[in-house]
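Trainee: I have just opened this entry for the first time. Could you walk me through it, one step at a time?

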Amino acid sequence: MFISNLGELRANIAALISSLFLTIIPALLPRTIAGIPEKESAGFFFLFISLYFFISAWKGGKLRNRLLLGLFAGITTAMMALIWGGWQYISLTISIALFISLVLGKCKKEEIYITLVWLLPSWLIMSIFSTRYSWENLLTSTTTLIALVMPILILINLFISNSRFSKYFEIGFLKKLPRPIISIAIVVVLAGILGSIVFGISFLPDKLGDITKPLIQPITDRLGVTVAENRQPYFNEWENSFGPRVRGIALFFWLFMIGSIFLYFGMIKIFEKKERIILTSGYALFLLAMVFSRYKSDSIL
């Protein structure tokens, strides 16, 4: 991921250090040692290799090779889905990355092909080998529907920007709006209308609820709140798993926090210094607010 920005040597050093942390971090170690019948070890393998194939396809080269890598990403995504429900991390991560790329004007027609070659074969394999992933479930689930909407969104954006109809969006207040914003508005309206016709009037409110509810009240059902690993922990409970602790400070945890902010600052280097400071301050505030909003049971946080 970082070889184009850091160079081969520094990128390899970063990869080795991050792999070392992942190997020895206390929160993950009990899930991957011999004799433990957990599926996370296989799940993590397919998670990382799927993202590797997709990023490799995204970085460029001959279209044939990019499509082949996209297909490999689809196959490995399906393998993770057949092993572990955490495969949704792949779908959401790629969808959000596609969305950001679209807003920044980085998506072309080749990206549509790569996304479809990744998405459709993965759904096909999942639906064949598991009754859990029927086409109806895949088309109505928020986490999978977002991935399907993205190539449609990219296509509409290209149509608005490059076709002879683009002149109709150069009038009035529309000419002041970026093309991706117009495309997003069109897709939201069309998806709301089509979804309401096919699945009922509650389609759009349900999908909005699927997005907002986990941010407010993640787990409410009886199974979720009574199974220990599904219970949402307080900060002072899980922070202890990210040692070693030196003078009461969990080094892994604060390394993650500082590293995440530093990585964000480096990611937006195309902006002016003042803008980078403002944006990074906003990101740091978001990260701190999210992490410390559930501090401990007797705290105001």
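## Rings, charges and surface

Mentor: Happy to! Let us begin with the aromatic rings: counting those whose centres lie within 6.5 Å, there are 17 aromatic pairs. Keep in mind that this is a predicted model.

Trainee: How are the rings of Trp 123 and Trp 135 arranged: stacked, tilted or edge-to-face?

Mentor: Two values settle that one: the ring centres of Trp 123 and Trp 135 are 5.9 Å apart, and their planes stand at 70°. Planes over 60 degrees apart are put in one class of pair. With 70° between the planes, the pair of Trp 123 and Trp 135 is therefore edge-to-face.

Trainee: How many residues apart in sequence are the parts that this pair ties together?

Mentor: Start with where each ring sits: Trp 123 lies in helix H7, and Trp 135 in helix H8. The pair therefore ties together parts whose separation in sequence is 12 residues.

Trainee: Trp 123 and Trp 135: which one is buried and which is partly exposed?

Mentor: Buried means under 20% relative accessible area, and partly exposed covers the range from there up to 50%. Trp 135 has 37% relative accessibility, so Trp 135 is partly exposed. Trp 123 has 1%, so the buried one is Trp 123.

Trainee: Which residues join Phe 235 in one aromatic cluster?

Mentor: That cluster is made of Phe and Trp residues. Along with Phe 235, its members are Phe 253, Trp 254 and Phe 292.

Trainee: Let us turn to charges. Which two residues meet in the salt bridge?

Mentor: Side chains of opposite charge can pair when their charged atoms come close. The structure holds one salt bridge. Its N to O distance is 2.9 Å, and the side chains that meet there are those of Glu 111 and Arg 66.

Trainee: How many residues apart in sequence are the parts joined by this salt bridge?

Mentor: Glu 111 belongs to helix H7 and Arg 66 to helix H5. The salt bridge therefore ties together parts with a sequence separation of 45 residues.

Trainee: Is Glu 111 buried or exposed?

Mentor: The limit to use is 20% relative accessible area, since residues under it are buried. Glu 111 has a relative accessibility of 6%, and its partner Arg 66 falls in the buried class too. With its 6%, Glu 111 therefore counts as buried.

Trainee: Which backbone nitrogen does the side chain of Glu 111 reach?

Mentor: Looking further along the chain, Glu 111 touches Trp 58, Arg 66 and Lys 106, with residues up to four places away in sequence not counted. Its side chain also comes to 2.8 Å from a backbone nitrogen, that of Lys 108.

Trainee: Now the surface. Which helix supplies the largest share of the nonpolar patch?

Mentor: The patch has about 790 Å² of accessible area together, and its residues include Leu 82, Leu 116, Phe 129 and Trp 135. Helices H5 (63-83), H7 (109-129) and H8 (135-140) each supply at least two of its residues. The largest share is five residues, and that share comes from H7.

Trainee: Is Leu 82 buried, partly exposed or exposed?

Mentor: Leu 82 lies in helix H5. Its relative accessible area is 34%, which puts it between the limits of 20% and 50%. Leu 82 is therefore partly exposed.

Trainee: Which residues does Ile 154 contact, leaving aside neighbours within four places in sequence?

Mentor: Ile 154 lies in helix H9 (residues 142-162). At 0% relative accessibility, Ile 154 counts as buried. Its contacts are Leu 98, Leu 102, Cys 107, Lys 108 and Ile 112.

Trainee: What distance separates the C-alpha atoms of Leu 104 and Pro 178?

Mentor: Leu 104 is found in the loop between helix H6 (88-103) and H7, and it is exposed at 52% relative accessible area. Along the chain, Leu 104 and Pro 178 are 74 residues apart, while their C-alpha atoms are separated by 9.9 Å.

Trainee: And what distance separates the C-alpha atoms of Gly 35 and Ser 56?

Mentor: Gly 35 sits in the loop between helix H3 (29-32) and helix H4 (40-58), and at 73% relative accessibility it counts as exposed. Gly 35 and Ser 56 are 21 residues apart along the chain, and their C-alpha atoms are separated by 34 Å.

Conventions. Residues are numbered from 1 along each chain as its sequence is written. This is a predicted model: local features need pLDDT of at least 70, side-chain atom pairs count only at pLDDT 80 or more; totals for chains, interfaces and linings use all residues. Side-chain values use heavy atoms; hydrogens and water are left out. Patches are made of residues with over 30% relative accessible area and no salt bridge: like charges are joined within 9 Å, nonpolar side chains (Val, Leu, Ile, Met, Phe, Trp, Tyr) within 5 Å. Accessible areas come from the Shrake-Rupley method with a 1.4 Å probe; for residues, only the protein chains shown count as cover. A salt bridge is a side-chain nitrogen of Lys or Arg within 4 Å of a carboxyl oxygen of Asp or Glu. Helices (H or I, at least four residues) and strands (E, at least two) are DSSP runs, numbered from the N terminus. Buried means under 20% relative accessible area, exposed over 50%, partly exposed in between (1.4 Å probe, protein chains only). A polar contact is a pair of N or O atoms within 3.5 Å; within protein, one must be able to donate a hydrogen and the other to accept it, and residues adjacent in sequence count only if both atoms are side-chain atoms. Contact means heavy atoms within 4.5 Å. Rings of Phe, Tyr and Trp (its six-membered ring) pair if their centres lie within 6.5 Å; planes under 30 degrees apart count as stacked, over 60 as edge-to-face and the rest as tilted.
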